[in-house]
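Visitor: I'd like a close look at one part of this model, and then a walk outwards from there. Could you take me through it slowly?

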Protein chains: 2
Amino acid sequence: MAVSIRALSDPAVTLVPGFEAAGVAAGIKQAGKLDLAVVRSLTPCTGAAVFTTNLFKAAPVIYDQQAILANPSGKRGVVINSGCANACTGQQGLEDAQAMAAAAAHLLGGEAQDYMVMSTGVIGQPLPMAQVLEGIRQAAGSLGDDAEAGHRAARAIMTTDTVPKEVGVVVDMDGVRFTIAGMAKGAGMISPNMATLLVTLTSDARIAPIPARAALLHAVGESLNMITVDGDMSTNDTAVLLANGTALMPEITDTESPLYAAFCEGLEAVTVALARALVMDGEGATRFVEIRVTGVEDAAAAKQVAMSVAKSSLVKTAIYGQDANWGRIVCAVGYAGVPLDPARVRVWLGDLELVRDGGPYQVDEERASQILAQREIPIHIDLGQGEASATVWTSDLSHAYVDINAHYRT
Amino acid sequence: MAVSIRALSDPAVTLVPGFEAAGVAAGIKQAGKLDLAVVRSLTPCTGAAVFTTNLFKAAPVIYDQQAILANPSGKRGVVINSGCANACTGQQGLEDAQAMAAAAAHLLGGEAQDYMVMSTGVIGQPLPMAQVLEGIRQAAGSLGDDAEAGHRAARAIMTTDTVPKEVGVVVDMDGVRFTIAGMAKGAGMISPNMATLLVTLTSDARIAPIPARAALLHAVGESLNMITVDGDMSTNDTAVLLANGTALMPEITDTESPLYAAFCEGLEAVTVALARALVMDGEGATRFVEIRVTGVEDAAAAKQVAMSVAKSSLVKTAIYGQDANWGRIVCAVGYAGVPLDPARVRVWLGDLELVRDGGPYQVDEERASQILAQREIPIHIDLGQGEASATVWTSDLSHAYVDINAHYRT
């Protein structure tokens, strides 16, 4: 069995057969900015979702958790607004989230619980429901199945993002062919745990709820849970997969089948590409940093070390300053909470082995400067004590990050 | 028994009877800058010390850990250099740390193990020993017991600090009187765990090694372990207490005596004042933020919540921008890893109750702006589920932090 995965050249969630989308300016953000998106399937979908583990869950997260449990196989679409997170908004917030889903059902068919809702923006302010409901009406009237319709939806969910994030692949296994596409938003308040950010994934694969959920958990674990911009985990993080089963293929009913493996491979390709795009557009980011940790006893410990380095403000500012200050890297390795022998630690910046046996090795400032001038910075840390590894992605910490976040609400 | 604690008006480690100090320009940093300090007692001291828990321990930390175990009651002094951390420097680093102590012993009397050594500065570069040894010789020849000598020592240990940190108190218990003074350095790579930064504490109290260590652990736990500037724990953190017993008082031999309690109270007053001064001078800091968390089941959980808020880049940049973005505070509370009921959480900014029952309450942006314009920002979070509490101190995250850290080595 041969699996091939081909990336779509102009990806959008609407390039999956049977899906439509719209993005409109509802007036939640400043006048004229796209701020409300609808993605819907013409036929009922298998749905799967993962959510933030923050204990302050936004109202749409609470609503969606109930909706996905109540009805994992009759999903119709998602409604997403930017400009207001509907988080810390109490009972009114829950009613507003419910009303968003009900409005979509009223206009597009099905029940309220067939729709997932997501919100992103400022925490603690009530949703302007007049604008939101009018926006859903507008969006329902302007749904399209072309790439441009998907692009408008992807732009409508942006907050401090500077570019929309859209990815799509066609998976082919011995002539069985299906498509998986996704769009995501997120540039700040990004740190991994279970789910992260707002992500909508569409597919025409035929897959049952249980393997769909397993595939989503696996894909998110290898991608969206492996990134951090600022170490802050949002109250609203949600990733939703909608698979409408319109592809000509046998249904994936368990996690043992070759088709399940092919679906996982395709889904992971999409979520990894979205995760990388999210980091690349991290708030104020000038660098994309890949931190690979190898030689560890288990993968969780490897991730813990990689995240300790990825979250270090001192490492991130040094990379911004193009300063090969490897002492900050080993410092962050040393406080990660993972037992290790400093004398066995090795650190590479690109092809330059900065640290061997816990001390300086190839100190070549000129070569280091060349590597740090690149847009993508590879850092490799080997602890020399096991076989497990992990790779995380992060951005640098720049003046622009402070600019963006010092006056976010004003 | 009445205990009174009076702050010294022009504090210095040398204002404790029997202590001398010097600060000299040894040429480790740029020409002319003070970069080497010696503090010594004219008589042998009880010593106690706490150190970083970073697994990459700097050579002076490894040396000191042996020295304090080998000889806790015959300590003579400390030798401190700035400009080079002597961390990740392998066997040569250990020999250099030992040589610093040996040089002090040769010039000032006693054995090498009677002296503690500390280093701070760039990680991974060897100590320039010619300069260091010449500096120790100069310092030994210029020791003084006046405030100015102490001030020079306090300035010689600074790196990115903008002001020296010196504190001193006179403790009086029913006519028994002793003095405790301290100096500290540290503005970045500051996050608490067991010990933090470089701190030298002098006292003329008569106290045995075991209660001295207990008092130091307690004081550090209530002060230096309660601060964070950037979440990065240094490889070199060391706090040393030297008590020379020249005060007219019975020796403190256990932790049950009223004099021990008075000593603890005085020591904590000194370490708390140093901790506050360190945060106030945190890299790029424009605000001093006190985060008090109450209503928690136990103190460790309270500290965990407070630290989650204190380390949030989004909270810190909002405070820098004078933006009362309380959503970021509850967000950081929500991902702290402590079980809680969002509906019981209350948040105050100064006297303004921003959040009650998990939602917005007194939304008074004008009053919030007044509070955020102050130099000291008090934040109070109540979880409404227990009796324990914790208070931590942090600084904001400003453009200047990025300036300082993007090009630290250059």
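Let's start with one residue: in which loop is the place of B:C88?

Guide: Happy to. Keep in mind that this is a predicted model. B:C88 sits in chain B, in the loop that runs between β4 (75–84) and α2 (90–108). Its backbone has a phi near 60°, a positive value in a residue other than glycine. Most residues other than glycine have a negative phi. As for its surroundings, B:C88 has 25 other C-beta atoms within 10 Å, and because the cut-off for buried is 20 or more, B:C88 counts as buried.

Chain B has another residue of this kind. B:D357 is not a glycine either, and its phi is positive, at about 55°. You'll find B:D357 in the loop between β13 and β14 of chain B. With 14 other C-beta atoms within 10 Å, B:D357 is partly exposed.

That loop leads us to the sheet. In chain B, seven strands make an open sheet with mixed pairing, in the order β9-β16-β11-β15-β12-β13-β14. The edges are β9 (227–228) and β14 (359–360) of chain B, each of which pairs on one side only. Further in, β12 (residues 346–349) and β13 (residues 352–356) of chain B run antiparallel and are joined by three bridges. If you want a spot to click on, B:V347 stands opposite B:V355 in β13(B).

Now for β15 (residues 376–382) of chain B. In a regular strand the side chains alternate between the two faces of the sheet. In β15(B), the covered face holds B:I377, B:I379 and B:I381, while the uncovered face holds B:E376, B:P378, B:H380 and B:D382. One partner of β15(B) is β11 (residues 288–296) of chain B, which runs parallel to it over seven bridges. There, B:V289 has B:I377 as its bridge partner. Another partner is β12(B), which pairs with β15(B) in the antiparallel sense over four bridges. In that pairing, B:R346 is opposite B:D382.

Over in chain A, there is also an open sheet of seven strands, β9-β16-β11-β15-β12-β13-β14, again with mixed pairing. β9 (227–228) and β14 (359–360) of chain A stand at the edges with a single partner strand each, so one side of each has no neighbour in the sheet. Helix α7 (residues 299–310) of chain A packs on this sheet, where it touches β9, β11, β15 and β16 (388–395) of chain A. The direction of α7 makes about 25° with that of β16(A). Strands β11 (residues 288–296) and β15 (residues 376–382) of chain A run parallel, joined by seven bridges, and A:R292 stands opposite A:H380 in β15(A).

Staying in chain A, have a look at a pair of helices. α2 (residues 90–108) and α3 (residues 129–140) of chain A pack at an angle of about 25°, with their axes 10 Å apart. That angle makes α2(A) roughly parallel to α3(A), and their crossing is right-handed. From α2(A), the residues that meet the other helix are A:D96, A:A99, A:M100, A:A103, A:A104, A:L107 and A:L108. From α3(A) come A:M129, A:V132, A:L133, A:I136, A:R137 and A:A140. By class, the residues of this contact are eleven nonpolar, no polar and two charged.

Two more residues of chain A are worth a stop. A:K185 lies in strand β7 (residues 176–185) of chain A. With 26 other C-beta atoms within 10 Å, A:K185 is buried. Leaving aside neighbours within four places in sequence, its contacts include A:T120, A:I157, A:D161 and A:L198. A:N244 is in the loop between β10 (238–243) and α6 (258–280) of chain A, and is buried, with 24 other C-beta atoms within 10 Å. Beyond four places in sequence, A:N244 is in contact with residues including A:G18, A:F19, A:S41 and A:D204.

Last, the place where the chains meet. The contact takes 50 residues from chain A and 50 residues from chain B. On the chain A side, the elements that give two or more residues are α8 (313–320), α9 (326–334), β14 and α11 (399–406). The largest share there, seven residues, comes from α9(A). By class, that side has 24 nonpolar, 22 polar and four charged residues.

Technical notes: Residues numbered from 1 in each chain as written. Chains lettered and ligands numbered in written order. Predicted model: local features only at pLDDT ≥ 70, side-chain atom pairs only at ≥ 80, totals over all residues. Axes fitted to C-alpha atoms, helices over the stretch in contact; angles between N-to-C directions. Parallel < 35°, antiparallel > 145°, perpendicular 65-115°, else oblique. Left-handed = near helix turned anticlockwise from the far one by under 90°. Contact = placed C-beta atoms within 7 Å. Nonpolar A, V, L, I, M, F, W, Y, C, P; charged D, E, K, R; others polar. Buried ≥ 20, exposed ≤ 12 C-beta atoms within 10 Å, placed from the backbone. Pairing = 2+ DSSP bridges.
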